[in-house]
Amino acid sequence: MRNQAKTAACIAATATLVLLGGFGMARAQSAGQWKNPDHLYSKICANCHDTGVGPTIVGRDFKPDHYVTTVRHGSKAMPAFRITEIDDAALLNLAEQLAAVPHMETTEVKP
Ligand code: HEC
């Protein structure tokens, strides 16, 4: 019960942040923050997805949309990222690059 209440509070707080992050002013501040998809992946996604905190997210036949939606809205233990943190263009570039990684036999990623 306690955990459920915490989760609900966390979701509400995240939703508020996502809404705040949606305004145009925030968008202008974040443009060009990421040099390229590798920069973004290594600074953010790799912290969880190359360390076993989150599942492997390449070579799994995900469509670019799945990356964009998950990053913007979060998924269970994964936080949502605002437009001030990852702008739309950088997110789309990353999503397309990750989606293009060929399917792998195993879901293990060796660093
Ligand atoms: C703080 C840790 C953390 C960070 C940072 C993070 N993720 Fe995640 N991510 C997770 C966890 C945990 C899950 C599993 C959530 C679940 O079970 O629904 C996940 C799930 C996902 C999924 C869904 C996988 C599936 O099986 O459908 C995608 C896609 C994804 N993350 C993409 C990204 C991308 C792209 C980034 C970088 C912009 C990123 N994540 C950054 C923790 C993180």
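**Group meeting talk: a helical chain and its ligand**

Okay, let's start with one residue, Leu98. Leaving out residues up to four places away in sequence, Leu98 touches Ile57, Val58 and Tyr67. Keep Leu98 in mind, since we'll come back to it.

Before that, one thing to say up front: what you see above is a predicted model. So please hear everything today as a description of that model.

Now the overview. The chain has five helices and zero strands. If you walk along from the N terminus, the elements simply go α-α-α-α-α. There are 111 residues in the chain, and buried ones make up 15% of them. And here's a number about how the chain folds back on itself: take the contacts with a separation of 6 or more, and 81% of them are between residues 24 or more positions apart.

Right, back to the neighbourhood of Leu98. Which residues have the most contacts inside the largest nonpolar core? They are Ile86, Ala90, Leu91, Leu94 and, yes, Leu98, in a core of 13 residues. Two helices, α4 and α5, each supply at least two residues of this core. The biggest giver is α5, which runs from 88 to 99 and puts in five residues. If you're wondering about the general picture, nonpolar side chains tend to be buried together in soluble globular proteins.

Leu98 also has a link to the loop between α3 and α4. Gly59 is found in that loop. Gly59 and Leu98 are 39 residues apart along the chain, yet their C-alpha atoms are separated by 7.8 Å. As for burial, Gly59 is partly exposed, as it has 16 other C-beta atoms within 10 Å.

Next, how do the helices sit against each other? Look at α3 and α5. Their axes come within 9 Å and cross at roughly 90 degrees. That crossing is why we call α3 roughly perpendicular to α5. Where they meet, α3 brings Pro37, Leu40 and Tyr41, and α5 brings Ala90, Asn93, Leu94 and Gln97. Sort the residues of that contact by class and you get five nonpolar, two polar and no charged. Notice Ala90 and Leu94 in there; both were also on the list of best-connected core residues.

On to the ligand. How many residues surround the ligand, and which come nearest? There are 22 around it, and the nearest are Cys45, Cys48, Gly54, Ser75 and Met78. Helices α3 (37-49) and α4 (64-73) each supply at least two residues of this shell. Here the top contributor is α3, with five residues. So α3 gives the most to the ligand shell, while α5 gives the most to the core. By class, the shell has 15 nonpolar, six polar and one charged residues.

Last part: some loop residues I'd like you to click on. Start with Asp87, in the loop between α4 and α5. Is Asp87 buried or exposed? Asp87 counts as buried, because it has 21 C-beta neighbours inside 10 Å, and the cut-off for buried is 20 or more. Asp87 also sits 7.9 Å from Gln33, C-alpha to C-alpha, although the two are 54 residues apart in sequence.

The loop between α4 and α5 holds Ala80 too. Ala80 is partly exposed, because 17 other C-beta atoms lie within 10 Å. Its C-alpha is separated by 7.3 Å from that of Thr70, and the two are 10 residues apart along the chain.

Then come two residues with a backbone angle worth a look. Lys76 has a positive phi of about 50 degrees although it is not a glycine. Lys76 is found in the loop between α4 and α5, and it counts as exposed because it has 6 C-beta neighbours inside 10 Å. Asp61 isn't a glycine either, and it has a positive phi of about 60 degrees. Asp61 lies in the loop between α3 and α4, and it is exposed, with 10 other C-beta atoms within 10 Å.

To wrap up, here's what to find on screen. Find α5, with its five residues in the largest core. Then find α3, roughly perpendicular to α5, with its five residues in the ligand shell. And finish on Leu98, touching Ile57, Val58 and Tyr67. Thanks, everyone!

Technical notes. Residues numbered from 1 in each chain as written. Predicted model: local features only at pLDDT ≥ 70, side-chain atom pairs only at ≥ 80, totals over all residues. Near = placed C-beta within 6 Å. Helix = DSSP H or I, 4+ residues; strand = E, 2+ residues; numbered from the N terminus. Nonpolar A, V, L, I, M, F, W, Y, C, P; charged D, E, K, R; others polar. Core = buried A, V, L, I, M, F, W, Y, C linked by C-beta atoms within 7 Å. Buried ≥ 20, exposed ≤ 12 C-beta atoms within 10 Å, placed from the backbone. Contact = placed C-beta atoms within 7 Å. Axes fitted to C-alpha atoms, helices over the stretch in contact; angles between N-to-C directions. Parallel < 35°, antiparallel > 145°, perpendicular 65-115°, else oblique.
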